[in-house]
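Student: Could you take me through how a helix and a strand are read from a model of this kind?

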Amino acid sequence: MLYWVLKHIVLGPLMKLWCRPKVEGRGNVPHAGAAILVSNHLSVADSFFMPLQMPRRVTFLAKREYFTGKGIKGRLKKYFFSGVGQVPIDRSSGAAAQAALDTGIRLLREGKLLGIYPEGTRSPDGRLYKGKTGVARMALEAEVPVIPIAMIGTDRVNPLGSKMWRPYRIRIRVGEPLDFSRYEGLAGDRFVERSITDEIMYALMELSGQEYVDVYATKAKDDLAEHGRVVTKRTQVDSDRVPQSRAG
């Protein structure tokens, strides 16, 4: 109930008025059935604008810390994230990561739309970073399509480190579904899962227009803190290693 109240009565109308979001390709989201919505991640605002502009309810796997806060603020945060359909996961260990994958696969088998940021964390500088292969594992295990979504301008609405939102028109580009059924039965193959993930990130790069950096965003943040720059030898996706999708 809270999800729909926020979407249609409270947050949705306010955010439309404040940032006038323009959505391209909304029809690529299936009217029924499970799918994974993968998005670049520029700002906290992504988690508000993307689901609020989709035609169906989107469930995100959210870090457990959102649900464990103390005091009134902690309880309100837990109530909010639970109410909008986010599911807490523990990301502190390998076992916890497997549990998160299992949760995502369960939600997909229930026919839900699952929202995922394959970079794993927000971009530290507006560029697109290497994707984690968990999204590929879930797509193969649950046998569902992956739909790339590019968020553009949310970092202008809510700049990194800022608690205040600013008016700025954002764009949301929804790409055509990526079909990975040709890899049926190959879940767990590291090469296959990396190839799928690279194809997903290539699609996001084309939709968003972001520069791609072939390191993980968490490492990039460490590099920026230690060296003042991201240490990498590659700044483009090698299209030769990205397999062709049936979606083209």
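The dialogue below takes up one strand and then one helix.

Tutor: This is a predicted model, in which local features need pLDDT of at least 70, side-chain atom pairs count only at pLDDT 80 or more, and totals for chains, interfaces and linings use all residues. Residues are numbered from 1 along each chain as its sequence is written, and side-chain values use heavy atoms, with hydrogens and water left out.

Student: Which way do the residues of β2 point, and are they buried or exposed?

Tutor: In a regular strand the side chains alternate between the two faces of the sheet. In β2, Ala-35, Leu-37 and Ser-39 point one way while Ile-36 and Val-38 point the other, and all are buried (under 20% relative accessible area, against over 50% for exposed and partly exposed in between, with a 1.4 Å probe and protein chains only). Because five of the five residues of β2 (residues 35-39) are buried, the strand is largely enclosed by the rest of the structure.

Student: Which strands pair with β2?

Tutor: Two strands pair if DSSP finds at least two bridges between them. Four bridges join β2 to β5 (residues 113-116) in parallel, with Leu-114 as the bridge partner of Ile-36; β2 also pairs with β7 (residues 146-152) in the parallel sense over four bridges, where Ile-36 stands opposite Val-146.

Student: How many residues of helix α7 are buried?

Tutor: Of the 19 residues of α7, 15 are buried, and the helix is mostly covered. At the start of α7, a side-chain oxygen of Asp-189 comes within 3.0 Å of the backbone nitrogen of Phe-191, and just after α7, Gly-209 takes a positive phi of about 75 degrees.

Terms used. Helices (H or I, at least four residues) and strands (E, at least two) are DSSP runs, numbered from the N terminus. A polar contact is a pair of N or O atoms within 3.5 Å; within protein, one must be able to donate a hydrogen and the other to accept it, and residues adjacent in sequence count only if both atoms are side-chain atoms.
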